[in-house]
Amino acid sequence: MLDTVFIRMSERTMLRLLVDRAPETAVVDLDLSELTGGYCFPYDMDKARAADARADQLTAGRQLSPLLVLTEGATRARLLTKAMRVTHPHLSGFVSFLDFDLPASGRPEGGVSALAKTATTFIAAGVVNRFIALADNDLPAHQALAKLKAKGVPGHCRILHYPPLPLLAEYPTLLPGASAPVLADVNGSAGTLELYELYLGRDVLTGPDGQLVPLLLNAAGAGGFPSKDKKAMQDRFERKCDAALAAPPGTDPEGDWSAVSAIIDMILHAFDPPPA
């Protein structure tokens, strides 16, 4: 019976079992003389071999485990997850967006302040996976993450903002009392703009009149889209995703995917080594 148990065990498990069962006063030695006699590798008695091996395991685990992406809220996570199935279907299993669709008692808090807290918690907890805190490219997002950036983050963490887009370099904006929209560069805007909808594609941002839906700004340059327009844009984007996912394999998806592709490409290359 004992022989059968040992046959089914790995050598490491068997060794651990034997050590666990040894008396507390026993001295357990591992004889490496056959390996360290100058034939295989030099052995430094003061070097922490187990620590080195564990570090190698963690490094390998990060490369093999999904890349985690933390966002500012449930809508961003849901739409990016669906968009990635369209633009990068072969990589969907390698990138995981934080799931906000949990039971009400455990639903994560949204917003950029919560994003900063979650990233800090991941760092403090020693989460092994590589992970990215992905925020809007506006003033509140930069301010909320400034402290974390200044302190520095470990090598398996990145703090990113949505990339600038040519479309947003000349986007129609409407100030209070103005009779007509004015084109303005809203990339990384200094105001409090709700910018995520701007990354859903030109087709999604186009209203029934065939024109881009203007951003409503106040005198300080803050603002966004009206709630009804935001909801309509999100619905149009989800329908666009559903249509692309329902199309026969190999069919090019219809519509403008350049903005979400830019976001996902930035995520996928976040841990690339710097250019020589």
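Helices here are DSSP runs of H or I at least four residues long, numbered from the N terminus, and that is how helix α9, residues 227-246, gets its name, with glutamate 238 lying in it. Keep in mind that this is a predicted model.

**Figure 1. The whole chain, before we zoom in.**
Let's start with the overview. The protein chain has 276 residues, and 33% of them count as buried. Its secondary structure adds up to 10 helices and 8 strands. What share of the contacts between residues at least 6 apart in sequence joins residues at least 24 apart? It's 70%. As for the outside, the accessible surface is about 16800 Å², and carbon and sulfur atoms account for 57% of that.

**Figure 2. Helices α5 and α6, packed against each other.**
Two packed helices are described by the angle between their axes and the distance between the axes. For helix α5 (residues 112-125) and helix α6 (residues 139-151), the angle is about 25° and the axes are 9 Å apart. Angles under 35 degrees count as roughly parallel, so α5 and α6 are roughly parallel to each other. The crossing of α5 past α6 is right-handed. Which residues meet here? From α5 come Val112, Ala116, Ala119, Thr120 and Ile123, and from α6 come Pro140, Ala141, Ala144, Leu145 and Leu148. Sorted by class, this contact of α5 with α6 has 9 nonpolar residues, 1 polar residue and no charged ones.

**Figure 3. Helices α4 and α10, crossing over.**
Now swap to another pair: helix α4 (residues 74-87) and helix α10 (residues 258-268). Their axes cross at roughly 90° and come within 10 Å. Since 65 to 115 degrees is the range for roughly perpendicular, α4 and α10 are roughly perpendicular to each other. On the α4 side, the contact is made by Leu80, Ala83, Met84 and Thr87; on the α10 side, it is made by Val260, Ser261, Ile263, Ile264 and Leu268. The class count for α4 with α10 is 7 nonpolar, 2 polar and no charged residues.

**Figure 4. Helix α4 again, this time with α9.**
Helix α4 also packs with α9, at an angle of about 25° and with the axes 9 Å apart. That angle makes α4 and α9 roughly parallel to each other. Is the crossing of α4 past α9 left-handed or right-handed? It's left-handed. The α4 residues in the contact are Thr75, Arg78, Leu79, Lys82, Ala83, Arg85 and Val86, while α9 brings Gln234, Phe237, Glu238, Cys241, Asp242, Ala244 and Leu245. By class, the contact of α4 with α9 has 7 nonpolar, 2 polar and 5 charged residues.

**Figure 5. Glutamate 238, a close-up in α9.**
Here's one residue from that last contact. Is glutamate 238 buried or exposed? Buried means under 20% relative accessible area, and glutamate 238 has 17%, so it counts as buried. Leaving out residues up to four places away in sequence, glutamate 238 touches Arg78, Leu79 and Lys82.

**Figure 6. Leucine 212 and threonine 206, sharing a loop.**
Leucine 212 is found in the loop between α8 (202-205) and β7 (215-217), and threonine 206 lies in the loop between α8 and β7 too. Leucine 212 has 18% relative accessibility, so it counts as buried. Threonine 206, at 22%, counts as partly exposed. Not counting residues up to four places away in sequence, leucine 212 touches Leu167, Tyr171, Pro172, Arg202, Leu205 and Thr206. With the neighbours within four places left aside, threonine 206 is in contact with Gln211, Leu212, Val213 and Arg236. How do chain and space compare? From C-alpha to C-alpha, leucine 212 and arginine 202 are 7.5 Å apart, with their positions 10 residues apart in sequence. Threonine 206 and methionine 233 are 27 residues apart along the chain, and their C-alpha atoms are separated by 8.8 Å.

**Figure 7. Asparagine 129, a loop residue with faraway partners in sequence.**
Where does asparagine 129 lie? It lies in the loop between α5 and β3 (131-135). Asparagine 129 and leucine 68 are 61 residues apart in sequence, yet their C-alpha atoms are 6.9 Å apart in space. Skipping residues up to four places away in sequence, asparagine 129 touches Ser65, Pro66, Leu68 and His156.

Note on methods:
Residues numbered from 1 in each chain as written. Predicted model: local features only at pLDDT ≥ 70, side-chain atom pairs only at ≥ 80, totals over all residues. Heavy atoms only, no water. Helix = DSSP H or I, 4+ residues; strand = E, 2+ residues; numbered from the N terminus. Buried < 20%, exposed > 50% of the residue type's maximum accessible area, 1.4 Å probe, protein only. Contact = heavy atoms within 4.5 Å. Areas by Shrake-Rupley, 256 points an atom, 1.4 Å probe, with all protein chains shown as cover. Axes fitted to C-alpha atoms, helices over the stretch in contact; angles between N-to-C directions. Parallel < 35°, antiparallel > 145°, perpendicular 65-115°, else oblique. Left-handed = near helix turned anticlockwise from the far one by under 90°. Nonpolar A, V, L, I, M, F, W, Y, C, P; charged D, E, K, R; others polar.
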